[in-house]
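User: I'm new to this one and don't want the whole tour yet. Could you pick a single part, look at it closely, and walk me through what sits there and what it touches?

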Amino acid sequence: MFNSKFGSIPKFYVRAPGRVNIIGEHIDYCGYSVLPMAVEQDMLIAVEPVKTQTLQLANTNPLYPDFSTSSNNIQIDKTKPLWHNYFLCGFKGIQEHFGLSNLTGMNCLVDGNIPPSSGLSSSSALVCCAGLVTLTVLGMNLSKVELAEICAKSERYIGTEGGGMDQSISFLAEEGTAKLIEFSPLRATDVKLPSGAVFVIANSCVEMNKAATSHFNIRVMECRLAAKLLAKYRGLQWGKVLRLEEVQTKLGVSLEEMLWITEDALHPEPYSPEEVCSCLGISLQELRTQILSPNTQDVPIFKLYQRAKHVYSEAARVLQFKKICEEAPDDTVQLLGELMNQSHASCRDMYECSCPELDQLVDICRKFGAQGSRLTGAGWGGCTVSLVPADKLTSFLANVHQAYYERNNRNLTFEKQSLFATKPGGGALVFLEA
């Protein structure tokens, strides 16, 4: 296909995997550790550097049109999350990191088998793939950690205020193990998953592109405002506080104590922008221009109590999950399943990032033998991840297939991509032509 598009052959190939977040949802951008693993599905780019300063992008999927631009004038349109903009994020991130102009052009053909808008991080895999492509063409070197940090930062060019989980696992993943990803500084620790059980991904077939709506950024801003109000309540300098984790660190207390402080400091009723301003002693103008992101400036209410409660309880569940995996008691699978179930309930009720189809799919998965099941990824659509005893896998897949996909007449064009067991896969790689 590369040859038919560009009339030449690629010099090398780069792959970057998608991921499933096992537990730790919507907390990476609050500064807390998460527990993902790479999936076997990935993005693949075939690359040929060229002498011109033109970047030509094509996709094996005809739904995604070809795109061409000058390699020295990268413009990323935040108003439309078009596929090629994710490539441009990775390209621009590397370009800016090294402060380069007059970049060489390249011909790139993108292929991928991560279902799009499914919560398995197809967009971040494309950003990471593009970053590694650009680095390789330039003949430069960076560590995996540096690459992950650059790609996490550069994906924000698209307009989402994400954390760094997706990019970190895409680069730092290793086959056969999940990872505890910690931030500031970024590091990854192996987490051995229990034998005798498998993780199954089920796609709700409700697409959610987090760059196309403000749901995601509203949650980021609610967490930011909650952090500032909690900091002010406890007499901290709240002006520079951006993340809920910073409040805990500055106070030097446990996550459990942060939940008590949240109970004391914040009320369950939604806050209006005016009330937030009154609590912080600032004007509406200051709130809008100095704290909120451009697409959240007109939000009428903020649910600060609910978001903080989710974040602190979810952060505790991640640490508990890792501890159970390390200690491996007899009822490991059951205990891990309970944590996943609690996580879903919190995402649904406190963070409000589920949807009826995800809730239905989670219920079906539990009914047919999953010890735990929860939404994974940003939510509002996309996939669930379920922990299923290995001896129940065959009947589980057949029953879920019938109860959710056949009964609801879901589009099964991607049947293999809709319901599958997965093992922890490896991270991003460059394949050089012999």
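Analyst: Let's start with a bit of vocabulary: a residue counts as buried under 20% relative accessible area, as exposed over 50%, and as partly exposed in between. Keep in mind that what you're looking at is a predicted model.

Now try that on K5: at 35% relative accessibility, K5 is partly exposed, because that value falls between the two cut-offs. Its side chain meets the side chain of D66 in a salt bridge, 3.0 Å from N to O. K5 belongs to helix α1 (residues 2-6), while D66 is in the loop between β3 (54-59) and β4, so this pair links distant parts of the chain, 61 residues apart. D66 is partly exposed too, with a relative accessible area of 48%.

That loop leads us to the part I'd like to dwell on: the sheet. Its 6 strands form an open sheet with mixed pairing, and the order is β4-β3-β5-β2-β1-β12. At the edges stand β4 (67-70) and β12 (429-432), each with a single partner strand, so one side of each has no neighbour in the sheet. From one strand to the next, the twist averages 20°. As a general point, strands of a sheet pair through backbone hydrogen bonds, either parallel or antiparallel.

Let's zoom in on the β12 edge. Strand β1 (residues 12-23) and β12 run antiparallel, with 4 bridges joining them. If you want a spot to find by eye, look for R15, which stands opposite L429 in β12. L429 turns up again in a nonpolar surface patch of about 240 Å², made together with L44 and F431. L44 comes from strand β2, and with a relative accessible area of 32% it's partly exposed.

What packs on this sheet? One answer is helix α11 (residues 304-327), which touches β1 and β2 (35-50). The direction of α11 makes about 105° with that of β1.

Helix α11 is worth following, as it brings us back to salt bridges. The closest N and O atoms of K309 and E263 are 2.3 Å apart, and the two form a salt bridge. Here K309 is in helix α11 and E263 is in helix α8 (residues 255-265), which makes this another link between distant parts of the chain, 46 residues apart. The two partners differ in cover: K309 counts as buried at 18%, whereas E263 is partly exposed at 35%.

R307 has a salt bridge as well, with the side chain of E352, at 3.0 Å from N to O. R307 lies in helix α11 and E352 in the loop between α12 (332-349) and α13 (356-367), so the pair ties together parts that are 45 residues apart in sequence. R307 is buried, at 2% relative accessibility, while E352 is partly exposed at 31%. Salt bridges that share partners also join E25, E314, R317 and R374 into one network. The count for the model comes to 18 salt bridges.

So, where to look on screen? Trace the sheet from β4 across to β12, then find α11 packed on it at β1 and β2. From there, pick out K309 with E263 and R307 with E352.

Definitions and conventions:
Residues numbered from 1 in each chain as written. Predicted model: local features only at pLDDT ≥ 70, side-chain atom pairs only at ≥ 80, totals over all residues. Heavy atoms only, no water. Pairing = 2+ DSSP bridges. Helix = DSSP H or I, 4+ residues; strand = E, 2+ residues; numbered from the N terminus. Axes fitted to C-alpha atoms, helices over the stretch in contact; angles between N-to-C directions. Contact = heavy atoms within 4.5 Å. Patch = residues over 30% accessible without salt bridge, like charges linked within 9 Å, V, L, I, M, F, W, Y side chains within 5 Å. Areas by Shrake-Rupley, 256 points an atom, 1.4 Å probe, with all protein chains shown as cover. Salt bridge = Lys/Arg side-chain N within 4 Å of Asp/Glu carboxyl O. Buried < 20%, exposed > 50% of the residue type's maximum accessible area, 1.4 Å probe, protein only.
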